[in-house]
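I opened this entry to go through one chain, element by element. My notes follow in the order I looked things up.

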Amino acid sequence: MKIIAFLSLCCAVFSAREEEQRIVAGLTVQPGEFPHHASLRTSDNVHFCNGFIASNQWVVTAANCVDDRTAGNTFMALGAVHRYNDGIRYGISEIVIHPQYELATFRNDIALLRASEVIIETEYIHSITLGSEYIRGGHIGLITSWGPTEFEPETIINPDSLKFRGIDSFNNYVCVSAYDRVDQGRLIYDDKLCTEGFNGEICVPDRGSPITDPEDNTVISVLSWSSSCGAGLPIVHERISSHRNWILSQIGN
């Protein structure tokens, strides 16, 4: 049922955008299409990670995006569909990293950013419901990111426009087996969700990218880590269901 629903959605999108190039990072996001998406930026307005709006004051991202940053040198662009010149800028008053986050293994790779003022919700900026289902293999979601649109040796091209595409999940044991080949299977914890790679092409700019369930419009995960570009290994995400109670306890909902 979920696959049929997703394919129906994709067919509608593709027919409406027949001229859109099928690229690694997907199709161009239109304003208001994924209003929960957040761009994390340096004080110089350089995009470095993604996240999603969980409430009118909090954004969720991967802890490895912000474990070396402060509220003073980071801000969020909400409602942005271009890398540089749109969206509403919100400062950050607090960064809360999961207390059991492990930098060496990226275990419990989840963090919260408190906006310095109340986030005003519009058709372009809106929170999304936290998913509670433990996703297994064969589940198709939608990932949004500013990931690379082209990958060639020594060349990575990152787009100006926010992109989305469908992405299929694997059971964790499949992911463990794949990463055992490079002696990293031990890093696939129960709180991780693995998905297919973008034809083996996934790079640092995609960290924190949220996956949503197109069937019930909940957020499933944020991108945690992957092997190097072109390695052909699954992408590893942090499950929202594994941290839902902790997130809600912090944001007060």
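**Hairpin of β14 and β15**

I started at the hairpin of β14 and β15, where four residues lie between the strands. Asn217 has a positive phi there, near 55°. I note that this is a predicted model, so local features need pLDDT of at least 70.

I then looked up how the two strands pair. Strand β14 (residues 210-213) runs antiparallel to β15, with four bridges between them. Asp213 sits opposite Thr218 of β15.

**Other partners of β15**

Which strand runs parallel to β15? I found strand β8 (residues 129-130), joined to β15 by two bridges. Leu130 has Val219 in β15 as its bridge partner.

I checked strand β16 (residues 235-239) next. It pairs with β15 in the antiparallel sense, over four bridges. On this side, Trp225 is matched with Val236 in β16.

How many residues of β15 are buried? I read eight of eight for the strand, which spans residues 218-225. So my record for β15 has β8 as a parallel partner, β14 as an antiparallel one and β16 as another antiparallel one, because each of these pairings meets the requirement of at least two bridges.

**Helix α3**

I moved on to α3, since β15 is among the elements that cover its buried residues. The cover also includes β12 (163-170), β13 and β16.

Which residues of α3 are buried? I listed Asn172, Cys175, Ala178 and Tyr179. They span an arc of only 120° around the axis, so they lie on the same side of α3. The general rule helps here: an α-helix has 3.6 residues a turn, so residues three or four places apart point the same way.

I wanted a contrast within the helix. Tyr173 is also in α3. Is Tyr173 buried or exposed? I noted a relative accessible area of 61% for Tyr173, which makes it exposed because the cut-off for exposed is over 50%. I also took a distance from Tyr173. Its C-alpha atom is 9.9 Å from that of Asp190, and the two residues are 17 apart along the chain.

**Disulfides**

I searched the whole structure for disulfides and got two.

One of them involves α3. Cys175 and Cys194 are linked, with their sulfur atoms 2.0 Å apart. Cys175 belongs to helix α3 (residues 172-180) and Cys194 to strand β13 (residues 192-195), so the link ties together parts 19 residues apart in sequence. The angle about the S-S bond is -70°, and the link is left-handed. I checked the cover at both ends. Cys175 is buried at 0% relative accessibility. Cys194 is buried too, with a relative accessible area of 0%.

The other disulfide joins Cys49 to Cys65, S to S 2.1 Å. It links distant parts of the chain: Cys49 is in strand β3 (residues 47-53) and Cys65 in helix α2 (residues 63-66), 16 residues apart. Why do I call this disulfide left-handed? The torsion about its S-S bond is about -80°, so it is left-handed. Cys49 has 0% relative accessibility and counts as buried. Cys65 comes out at 2% and counts as buried as well, because the cut-off for buried is under 20%.

**His37**

I next looked up His37, which is in strand β2 (residues 37-42). Its relative accessibility is 2%, so I logged His37 as buried.

Which side chains make polar contacts with that of His37? I found Asn50 at 3.0 Å. I also found Thr144, at 2.7 Å.

I then listed wider contacts of His37, leaving aside neighbours within four places in sequence. Asn50 and Thr144 appear again. The list also has Gly51, Leu78, Gly79, Ser145, Trp146, Leu162 and Pro210.

**Whole chain**

I closed with totals. The chain has four helices and 16 strands. Of its 253 residues, 53% are buried. Among contacts with a separation of 6 or more, 70% are between residues 24 or more positions apart. The accessible surface comes to about 11100 Å². Carbon and sulfur atoms account for 49% of that surface.

Conventions
Residues are numbered from 1 along each chain as its sequence is written. This is a predicted model: local features need pLDDT of at least 70, side-chain atom pairs count only at pLDDT 80 or more; totals for chains, interfaces and linings use all residues. Side-chain values use heavy atoms; hydrogens and water are left out. A disulfide is a pair of cysteine sulfur atoms within 2.5 Å. Buried means under 20% relative accessible area, exposed over 50%, partly exposed in between (1.4 Å probe, protein chains only). The arc is that of the directions from the helix axis to the C-beta atoms. Contact means heavy atoms within 4.5 Å. Accessible areas come from the Shrake-Rupley method with a 1.4 Å probe; for residues, only the protein chains shown count as cover. A polar contact is a pair of N or O atoms within 3.5 Å; within protein, one must be able to donate a hydrogen and the other to accept it, and residues adjacent in sequence count only if both atoms are side-chain atoms.
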